[in-house]
Amino acid sequence: MAKVSIIMGIYNCASTLPEAIDSILEQTYTDWKMIMCDDASTDNTYSMAESYVNRFPEKLILIKNQQNMGLNYTLNHCLKYVEGEYVARMDGDDVSLPERLEKEVRFLDAHPEYAIVSMPMHYFDEDGIFMTGSGSGEPIVKNMVKGTPFCHAPCMVRREAYETVDGYSVDKKLLRVEDWHLWIKMYAAGYKGYVLSEPLYMMRDDREAIRRRKFKYQINQFRVACFTVKDLRLSPVNYVFTVRPLIVGLMPRPVYIIMHRKRLKGYV
């Protein structure tokens, strides 16, 4: 039984999947097994993943959903096949740098008081890295109302924590915020996490990212922010921060673009 189980939801990512899988195969830490779940892709993602499973059957497992179900359901499907002590995430269009798993395992082994470990990410596209996130240490609980405290894709979590909260909540009202809600559930159950300072994960992203700013997702953020205040028993004064996603969602597009570009300049 591998110590680390890596869960990866894959959907229409045939062109980027080889680079993602190769980055896991090239990890300095080798005691892992990866579970990939195809979410009813319409391209050749499944056959691409299958070709890797045929080459590395001892390291890779491939399952699939009969119809497109979304990331929450897909990751829960992967969790049914998890056997290791730790559960790591990976996306089918991203890249894990070689020491990522080794350093996360080393941290959790040395710090039993933490159930979650993550790190900042490099954001890249076809022209290279255009932004690098920041942050390290243990998140301040009251700040969780302002946004997710951990990057989801590069996280590693104790299997016990996933089992305690029954994995991801499957609800359309939690689309795009399934990770934030997961952390709130874990913290409410008594678990806590830590952010490493070294970015060892590369997330493939869009420099503008404007097209994904749909108001329904801002409403989902507002909803989880309210859950945060309630479930973590924060002072009611923190409800003032829950409306921020709605304000951003209603912001005129040109103003939002200017703010977004200024933010990017701060990270380049």
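How many of the seven residues of strand E1 (residues 4–10) are buried? In this predicted model, the count is seven of seven, and strand E1 is accordingly described as mostly covered. The strand offers a convenient point of entry into the fold, and the account below proceeds from it to the sheets and helices.

The chain comprises 268 residues, of which 51% count as buried. Its secondary structure consists of nine helices and 11 strands. Among the contacts with a separation of 6 or more, 82% are made by residues 24 or more positions apart in the chain.

Strand E1 belongs to an open sheet of seven strands, arranged in the order E3-E2-E1-E4-E9-E6-E10 with mixed pairing. The edges of this sheet are formed by strand E3 (60–64) and strand E10 (193–195), each of which pairs on one side only. From one strand to the next, the twist averages 20°.

In a regular strand, side chains alternate between the two faces of the sheet. In E1, Val-4, Ile-6, Met-8 and Ile-10 point one way, while Ser-5, Ile-7 and Gly-9 point the other way. Residues of both sets are buried. Strand E1 pairs with strand E2 (residues 32–38) in the parallel sense, over seven bridges. Within this pairing, Gly-9 has Cys-37 of E2 as its bridge partner. Towards the other end of the sheet order, strand E6 (residues 116–118) and E10 run parallel and are joined by three bridges. Here Val-117 stands opposite Tyr-194 in E10.

Two helices that pack on this sheet may be considered together. Helix H2 touches E1, E2 and E3, and its direction makes about 155° with that of E3. Helix H3 (residues 71–79) touches E1, E2, E3 and strand E4 (86–89), and the direction of H3 makes about 145° with that of E1. One residue of helix H3 is Thr-74, which is buried, with a relative accessible area of 1%. Leaving aside residues up to four places away in sequence, Thr-74 touches Gly-9, Cys-37, Asp-39 and Asn-65. Two of these contacts, Gly-9 and Cys-37, are the bridge partners noted above in E1 and E2.

Helix H2 (residues 45–55) also meets helix H1 (residues 17–25). Two packed helices are described by the angle between their axes and the distance between the axes. For H1 and H2, the axes come within 10 Å and cross at roughly 25°. An angle under 35 degrees counts as roughly parallel, and the two helices are therefore roughly parallel to each other. Their crossing is right-handed. The contact is formed by Leu-17, Pro-18, Ile-21, Asp-22 and Leu-25 from H1, which meet Thr-45, Met-48, Ala-49 and Tyr-52 from H2. By class, seven of the residues in this contact are nonpolar, one is polar and one is charged. An α-helix has 3.6 residues a turn, so residues three or four places apart point the same way. The H1 residues in the contact include Leu-17, Ile-21 and Leu-25, and those of H2 include Thr-45, Met-48 and Tyr-52.

A further open sheet contains four strands in the order E5-E11-E7-E8, again with mixed pairing. Its edge strands are strand E5 (95–96) and strand E8 (128–132), each pairing on one side only. In this sheet, strand E7 (residues 122–125) and strand E11 (residues 201–204) run parallel and are joined by three bridges. The bridge partner of Tyr-123 in E11 is Met-203.

Later in the chain, helix H6 (residues 178–188) has 10 of its 11 residues buried, so the helix is largely enclosed by the rest of the structure. The buried residues of H6 are Glu-178, Asp-179, Trp-180, His-181, Leu-182, Trp-183, Ile-184, Lys-185, Met-186 and Tyr-187. After H6 comes Gly-190, whose phi is positive, near 105°.

A final residue of note is Gln-218, which lies in helix H7 (residues 215–231). Gln-218 is buried, with a relative accessible area of 8%. Its C-alpha atom is separated by 5.1 Å from that of Pro-245, although the two residues are 27 residues apart along the chain.

Definitions and conventions. Residues numbered from 1 in each chain as written. Predicted model: local features only at pLDDT ≥ 70, side-chain atom pairs only at ≥ 80, totals over all residues. Heavy atoms only, no water. Axes fitted to C-alpha atoms, helices over the stretch in contact; angles between N-to-C directions. Parallel < 35°, antiparallel > 145°, perpendicular 65-115°, else oblique. Left-handed = near helix turned anticlockwise from the far one by under 90°. Contact = heavy atoms within 4.5 Å. Nonpolar A, V, L, I, M, F, W, Y, C, P; charged D, E, K, R; others polar. Buried < 20%, exposed > 50% of the residue type's maximum accessible area, 1.4 Å probe, protein only. Pairing = 2+ DSSP bridges.
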